[in-house]
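Here's a quick tour of a protein model for someone who spends more time at the bench than at the screen. Have the structure open and follow along.

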Amino acid sequence: MLGYIFEVIKDEISYRRERARRAALPPPAPETKSSPATPSLGMRILSPPPRPAPSMPPLKNWSHPFGDRGNPLQQLTQLANAQAGYYPLGRNGMWHGGVHFDSGTTGSDALFQVHCLADGEVMAYRVPEHTPLSTFYPEAGGTLEAPFASGFVLVRHHLQAPKMDGSGDEPPGLTFFSLYMHLEDWARYQADPALARPGFWPPAPVLRVKPDAPDRMPGHPEQRGANVWHKDHQGQVIDFLPVGTEVTISGTGNFRKLENSRGPATLRNEDDALRGYVSFSHLAPNHAGSYRVNVINDPLVVRAEPDRHSAKIGELPKGTEVTISGEGDFRKLESIAQYVQFKSLQSERKPQVFDDVVVLDQPVPINAGELIGHLGRYQECDETAPKQKLHLEVFSDDDVQAFFAASRAWAQHLPDKHKTWLKLAKGTTVAAHQDRISASLLPIWSSDNPRSDADLLVPKSLLDGLPPERKIQVPTGASGKTYNWYRLEGLLHDAAGNLLDDGWVREEVGVTPWISPWSWEGHDVLYNYALPQLSLSYLLSVTGMLGEESQDRLRDRAEKWDKGRMQTRLYEIIDRDRNGKMTADELQAALRMPAKAQALAQLVIFSESEWNYQQSKWDALDEVLGHTNSAPILNWVAEKQRMKQLSWWGEVAGKVGLSKEGMVFHFHPVRLVGGFLSNNYKITVSLIEKVTGKTGAWFTGKGGSRRFTKEFQENYPNVYGFDKHKFIDLLNDAFERHGIVTPYQQAHFVAQCFHESAHFETTIEFATGDGYDPGAHTSAIANGNTEVGDGQKYKGKGLIQLTWKNNYKAYSEFKSIDLVSSPNLIAENMHLAIDVSCWFWRKKGAVYKKHEAKGDINILIDKEPFNVSLVTLAVNGGSNGLGERTDIFNALMKEWGLK
């Protein structure tokens, strides 16, 4: 009891200290009224108290940790399938600051790659050399050595609202952290060399053959690796290195010399010494005691013994460099020069230390979607086998209340393009679906229709992704009102808690509100100062796990927890039968309903991190559980030791700017990502590489002749090797500018551009263009190419390569840039190369009367979303490359769950 009293006093002191600290900060400036059209004229936005400027720029990109491309509501309800570890309560009913991903949420027990939630910088990590074990004592007797993956990564991010045109005010921002817990040990990476290593691990001098190396093992096409060549150019393959093979190299250029191997595997002994003899008469002196194979036609035979009649054990192509020893007609092979393509290799990365927490003196930048690590093994005391699970957590030490106020004020002045969530307020009418409903036969709208029982924000990406038969746009009628109808499945529920599985909802354009994520609609900040013994006392009391005497003893503590504001809010959402109790089944049931899952995910809770281990805090639970020195609960002792080993807060907090007391604001990580991933079908580098198989550098001129590749590098330095992440940022910006916004439009555009640009390798046509000169092409004069040389001058440039002088004139007028005199600017500037392709898409695509497209390819797609042939005809004028364009489009549709 003394421990309990001490903890209550200490908690109260921490609370008051935190309250005093926040009260001492400068108050936010009051908002003044200003015209939304002129936000820079005297407008002051509420801003959170100042703190040191973050070392990284505001994040631009977001990613689901496992690449889930389902809609944000589905991602929330999917978490109901986790075996435990929900937000903000675990299955045991106690406070839980993160969410779990396990076989229940993913449907597989495979080793998962974990990816970073958002652009940021890695601040700290821990990699155990071997996963630690806890000794538990099962009821059946004996002992259980249960692993608990202790690896983790901590990433810092900076979230900032978008700037407003014409305003010099600094947008409100928030620094937050993402935590990835229960990651794999070093032993697993050693056992599987092909396993990708996180990029923030420091590089080692040794290189490895990459997992996506381009070559295939002869006779085993499923085995990737790197071919070994006998020369550094125009060589022949003499060996093969499987994925994960360690190498050391020397030299520069595309081909590097292997230094850790004396020769091909077929000629090496177990001690790596070479075997075999070659005819000295077929060798020519080279340099520094080496020789080159000098044969006229056939390769040089390698013999088992120094005798022309000895068995043949290999052969060496002409030009192979070797070193030899001995005398006579046949000399002993000592080494054979070998070369490997540098693009097939990657740096070997290795943690600085094992088992200890590493806090980086210089944080390492990381992009959204980049590898964080792999899931390790974790086993609870009551489980029969280890499992894989990720504990994912997001928290901030900023004043979130002040940030919300500032962000909400700022959002009032943002343009409508930032409003990416449609709010279906509580009481929204849901009309039943009937056959033949269309724009001419609308759903029945009456007071008898069921109504939703909770607010629900629906992402624009979900509505954009609905097939045409599930959307109806009703033109403005005599009433002056315009309506959009959407047929939704399983998103809304009624007052009885029943999902309204299939029905139509109506948006009144201009009335039904669209919400910006910067408004933080529905987000509620709660404060949880309860100690673990309070919540555990509540749990044990309400579940009847304790006897009547024990329940009486714990009743006061249980009621204190039960009446807290956080608990009260959770009752409102979860407690279906209103009996004053919340069970794990009720929590899971709530999480399966989109509106309730969203409401839970919008709770932002100020609470102590569970990774801030304080022994006295957990020792205070001994009394609640009945643990004493004379009658110990051995599993509880092991559990406390496990929690201590998993903790890291004390070693990290002060070095990265976090509260040492561990009190921070917790966010639901999946809701945060989904809220700002406004277009859930956004094009990303990882998505392009997955659906196309493209790896390595982009825009290097490959696909043309060797001469073209060299000229592309020399003549287009600003686009050669253009950073692919920046390219995708420019592409997504152009989509927004030109209104290429639906997933179908973007998927078609990418499929067409990828083929037209030779797999994102060039911004200019490979051919000379002479065939477009007058006399060489029947359409030349009609399209403005009136002089010899115009064909080459106005040949294809951009991603969808713009051709003909008249098109250059039209685009020049659109951009107010003279591209007729300087047409090469389009190929030299990546912004223009992308922009001109989007402009062509909306203005110059082929005209099809049956769709009244008028040059706008979007119209073709809106009418026939899956018709790749029609879009190819509009772009290409024929069907060139139709198979590849179709494959990429279909792959994107599959990734997005739209086909």
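What follows is a short lead-in and then some bullet points by topic.

Keep in mind that this is a predicted model. The protein has 27 helices and 36 strands, and buried residues make up 52% of its 899 residues. If you look at contacts between residues at least 6 apart in sequence, 69% of them join residues at least 24 apart.

**Helix α27 and its partners**

Which helices cross α27? Here are α26, α20 and α17, one by one.

- Start with α26 (residues 868–876), whose axis comes within 10 Å of that of α27 (residues 882–895), with a crossing angle of roughly 125°. The two helices are therefore oblique to each other, and α26 passes α27 in a right-handed crossing.
- On the α26 side, the contact is made by Val-868, Ser-869, Thr-872, Val-875 and Asn-876, while α27 brings Leu-882, Arg-885, Thr-886 and Phe-889. Sorted by class, that contact of α26 with α27 has four nonpolar, four polar and one charged residues.
- Next up is α20 (743–756). Its axis and that of α27 come within 9 Å and cross at roughly 145°, and here too the crossing is right-handed.
- From α20, the residues in this contact are Pro-743, Tyr-744, Ala-747, His-748, Val-750, Ala-751, Gln-752, Phe-754, His-755 and Glu-756; they meet Glu-884, Arg-885, Ile-888, Phe-889, Leu-892 and Met-893 in α27. The class count for α20 with α27 is 10 nonpolar, three polar and three charged residues.
- Then there's α17 (685–692). The axes of α17 and α27 come within 9 Å, crossing at roughly 125°, and the pair is therefore oblique. α17 passes α27 in a right-handed crossing.
- In α17, Leu-687, Lys-690, Val-691 and Thr-692 meet Ile-888, Ala-891, Leu-892 and Glu-895 of α27. Those residues divide into five nonpolar, one polar and two charged.
- A few α27 residues turn up twice: Arg-885 and Phe-889 are in the contact with α26 and also in the one with α20. Likewise, Ile-888 and Leu-892 meet α20 as well as α17.

**Helix α15 and its two sides**

- Which residues of α15 (residues 649–656) are buried? They are Trp-649, Val-652, Ala-653 and Val-656.
- Looking down the axis of α15, these buried residues fall within an arc of 105°, so they line one face of the helix. As a reminder, an α-helix has 3.6 residues a turn, so residues three or four places apart point the same way.
- On the other side of α15 you'll find Gly-650, Gly-654 and Lys-655, which are exposed.
- What do the buried residues of α15 pack against? They pack against β3 (120–126), β6 (151–160), β7 (173–183), β24 (358–366), β26 (390–396) and β36 (663–667).
- Right after α15 comes Gly-657, with a positive phi near 90°.
- Ahead of α15, Ser-647 sits in the loop between α14 (634–646) and α15. Ser-647 counts as buried because its relative accessible area is 14%, under the 20% cut-off.
- Setting aside neighbours within four places in sequence, Ser-647 is in contact with Arg-126, Trp-611 and Tyr-613.

**Backbone oddities in the loops**

- Some background first: most residues other than glycine have a negative phi, and most peptide bonds are trans.
- Where is the cis peptide bond with omega near 5°? It runs from Tyr-87 to Pro-88, and Pro-88 has its place in the loop between α2 (72–78) and β1 (98–101).
- Phe-699 has a positive phi of about 55° although it is not a glycine. You'll find Phe-699 in the loop between α17 and α18 (706–715).
- Is Phe-699 buried or exposed? Phe-699 counts as buried because its relative accessibility is 0%.
- Ala-758 is another non-glycine residue with a positive phi, near 55°. Ala-758 lies in the loop between α20 and α21 (790–793).

Key: Residues are numbered from 1 along each chain as its sequence is written. This is a predicted model: local features need pLDDT of at least 70, side-chain atom pairs count only at pLDDT 80 or more; totals for chains, interfaces and linings use all residues. Side-chain values use heavy atoms; hydrogens and water are left out. Axes are lines fitted to C-alpha atoms, for helices over the stretch in contact, and angles run from 0 to 180 degrees between N-to-C directions. Helices (H or I, at least four residues) and strands (E, at least two) are DSSP runs, numbered from the N terminus. Angles under 35 degrees count as roughly parallel, over 145 as roughly antiparallel, 65 to 115 as roughly perpendicular and the rest as oblique. A crossing is left-handed if the near helix is turned anticlockwise from the far one by less than a right angle, and right-handed if clockwise. Contact means heavy atoms within 4.5 Å. Ala, Val, Leu, Ile, Met, Phe, Trp, Tyr, Cys and Pro count as nonpolar, Asp, Glu, Lys and Arg as charged, and the others, Gly among them, as polar. Buried means under 20% relative accessible area, exposed over 50%, partly exposed in between (1.4 Å probe, protein chains only). The arc is that of the directions from the helix axis to the C-beta atoms.
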